[in-house]
Amino acid sequence: PKLFVNLEHLYTFPFDDGKDYILFGKIHFMPDKSRLPYFIFFAFAAIFISVVFKGLLTMQPGDENVYFYMGKLIAEGKMPYRDLFYAHPPLHAYLLALAYKTFGFNIIALKSITLISALIASFFIFKTAKQKFGNLEAIISSMLFMFSYGIMFNSVFSFGIMEATMLIAIGFYFLLNKQKSYLAGLFFGLAAITRLLALIPIFIILFIILLSDRKKFIQLSSSFLAIFLAVNLSFLLLFGNDYANPVYKFHLIKKIGAEQNLKEYFDIIKLNWILFLSAFAFVFAKGKKQLYIIAAPSLAYLAFLFALHKLFGFYFLIIFPFLAMIGGYSLANLYNRLKISKKYKLGIFFILISVFLWNLFSDALFLHSIGYTGFERGSDLANFVNSNSGKNTMLFGDASVAPLLALMTNKKLALDFADTNDQVFSSGIIDANEVLAGIKNHEILFIVRDKGLSSLEEIRNFVNNN
């Protein structure tokens, strides 16, 4: 941080050698009290909220409804893994359960967890870059993160990945800026029990710290493992394979085509092109050595995503804080090194801002017209369910719709089975015929779409024959 010197007393003494020497009576080092960077950050946050607010109010078909329904079940006393299939570590589900226990089925309250996580992550990216690099770098880094398409879109969809991203950003701040390795490890551990994808950058960071500072590595790894192992071993002891199979085995055996993964990969780069292009400017920046601990996890994670059986766009969010800080530093570094007149430098600045604002406006327009359109026939379907069901009727079917309809109509899902993603059955982790046999003698409304669950032969035969 910048320091100012306050000279309370200044004395000049003549010495025998004929020179005058200056002695400072008192010297006070005071931190830079400028609030302008913080004002800019909170202005960004206000703009960000105004862009995504429509999404916060809107119910959408999708996987988040699976997690909302699981939060309801846990709030009612059910146990994940024992009583319901849940394919992730437990923290995200328990956060939703807390929100459901407090507010009931309130879409704003449930989605707000993710939005607040995005804002907190942005703040710690800002703080990390400000203290590590400077004010300009902090402003650019937070701007790149907040206004990337991936963050704006996913900040109001509760997949658990944003919460894990926030925890990594907080942990990285304490590691890099505060030298509080135990605290950093604690947040890394919480990230890893939210989503396992967080393990990749965490392991790379641990390896880098191991090579540079053994004592810090022991502190960081011990607090990380204390959280990660304690939670995993506890659930393994309690539930055995009912925990290990959905949380670990399932993700290793999912099936998908490499061509589809490649398309998803490059679609994410195109949608977030400013963020990725800014990070790529790292190649041309000076003083890159201080960025290695930020760049290494990013490169390792991007390489890891190529190896996944199933790739979703929101998987990339884990490294968006790292890409934003790399981009913020690189752009500021390149801009400050321009050896041209102030007039031309200002011109370049306005061109860059214009391009950024054009892209932000385009993304916001798309999100408001398409991305946040909501559950267009949701009310009609909910009315149909209420009109064609009795008190004991339960719902079962497509994961993106059935849990949401169950919440909207206050109906139960048969067998408490919310995550009916076709991969759950096609992977063999759950036997579709056993599940269908379990619901056969119940009063069921079966919710299907023209893809997903209905692509399975067992499902089509069951629906056609019943």
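Between which two helices does the loop that holds D431 lie? The points below take this up, along with the rest of the predicted model.

1. **D431 and the negative patch.** D431 sits in the loop between α19 (422–426) and α20 (432–439). Its relative accessibility is 38%, so D431 counts as partly exposed. Four acidic residues make a negative patch on the surface: D431, E434, E457 and E458.

2. **Overall layout.** The chain holds 21 helices and 6 strands. Its C-alpha trace spans about 110 × 50 × 45 Å along the principal axes. Of the 466 residues, 51% are buried.

3. **Nonpolar surface patch.** Eight residues form a nonpolar patch on the surface: W273, L277, F280, V283, F284, I351, V355 and W358. Together they offer about 820 Å² of accessible area. Two helices, α13 (273–280) and α16 (342–371), each supply at least two residues of this patch. I351 is found in helix α16. Is I351 buried or exposed? At 54% relative accessibility it is exposed, because the cut-off for that class is over 50%.

4. **Aromatic pairs: F123 and F124.** The model has 47 aromatic pairs. In one of them, the ring centres of F123 and F124 are 5.8 Å apart and the planes meet at 85°, so this pair is edge-to-face. The two residues fall in separate burial classes: F123 is partly exposed at 25% relative accessible area, while F124 is buried at 16%.

5. **Aromatic pairs: Y265 and F306.** Here the ring centres lie 4.1 Å apart and the planes are at 15°, so the pair is stacked. The contact links distant parts of the chain. Y265 belongs to helix α12 (residues 258–271) and F306 to helix α14 (residues 292–306), 41 residues apart. Y265 is buried, with 6% relative accessibility. F306 is partly exposed, with 48%.

6. **Aromatic cluster.** Which residues do ring pairs link into a cluster? They are Y38, F41, F42, F123, F124, F126, Y173, F174 and F187. The edge-to-face pair of F123 and F124 thus has both its members in this cluster.

7. **Salt bridges: K111 and E64.** Side chains of opposite charge can pair when their charged atoms come close. The count here is 7 salt bridges. In one, K111 pairs with E64, and the closest N and O atoms are 2.7 Å apart. K111 is in helix α4 (residues 107–132) and E64 in helix α2 (residues 64–75), so the bridge ties together parts that are 47 residues apart in sequence. Both K111 and E64 are buried.

8. **Salt bridges: R449 and D398.** The closest N and O atoms of R449 and D398 are 3.7 Å apart. This pair also links distant parts of the chain, with the two positions 51 residues apart in sequence numbering. R449 lies in the loop between β6 (444–447) and α21 (457–465). D398 lies in the loop between β5 (394–397) and α18 (402–409). R449 is partly exposed, at 35% relative accessible area. D398 is buried, at 6% relative accessibility. Elsewhere, salt bridges with shared partners join K263, D267 and K270 into one network.

9. **Salt bridges: K263 and D267.** Within that network, K263 bridges to D267, with 2.9 Å between the closest N and O atoms. How many residues apart are K263 and D267 in helix α12? They are 4 residues apart, about one turn of the helix. K263 has 54% relative accessibility, so it counts as exposed. Helix α12 is also the helix that carries Y265 of the stacked pair.

10. **N177.** N177 is placed in the loop between α7 (161–176) and α8 (181–192). Is N177 buried or exposed? At 17% relative accessibility it counts as buried, because the limit for that class is under 20%. N177 and A129 are 48 residues apart in sequence, yet their C-alpha atoms are 9.1 Å apart in space.

How values were computed: Residues are numbered from 1 along each chain as its sequence is written. This is a predicted model: local features need pLDDT of at least 70, side-chain atom pairs count only at pLDDT 80 or more; totals for chains, interfaces and linings use all residues. Side-chain values use heavy atoms; hydrogens and water are left out. Patches are made of residues with over 30% relative accessible area and no salt bridge: like charges are joined within 9 Å, nonpolar side chains (Val, Leu, Ile, Met, Phe, Trp, Tyr) within 5 Å. Accessible areas come from the Shrake-Rupley method with a 1.4 Å probe; for residues, only the protein chains shown count as cover. A salt bridge is a side-chain nitrogen of Lys or Arg within 4 Å of a carboxyl oxygen of Asp or Glu. Lys and Arg count as positive and Asp and Glu as negative; His and the chain ends are not counted. The place of a charge is taken as NZ of Lys, CZ of Arg, CG of Asp or CD of Glu. Buried means under 20% relative accessible area, exposed over 50%, partly exposed in between (1.4 Å probe, protein chains only). Rings of Phe, Tyr and Trp (its six-membered ring) pair if their centres lie within 6.5 Å; planes under 30 degrees apart count as stacked, over 60 as edge-to-face and the rest as tilted.
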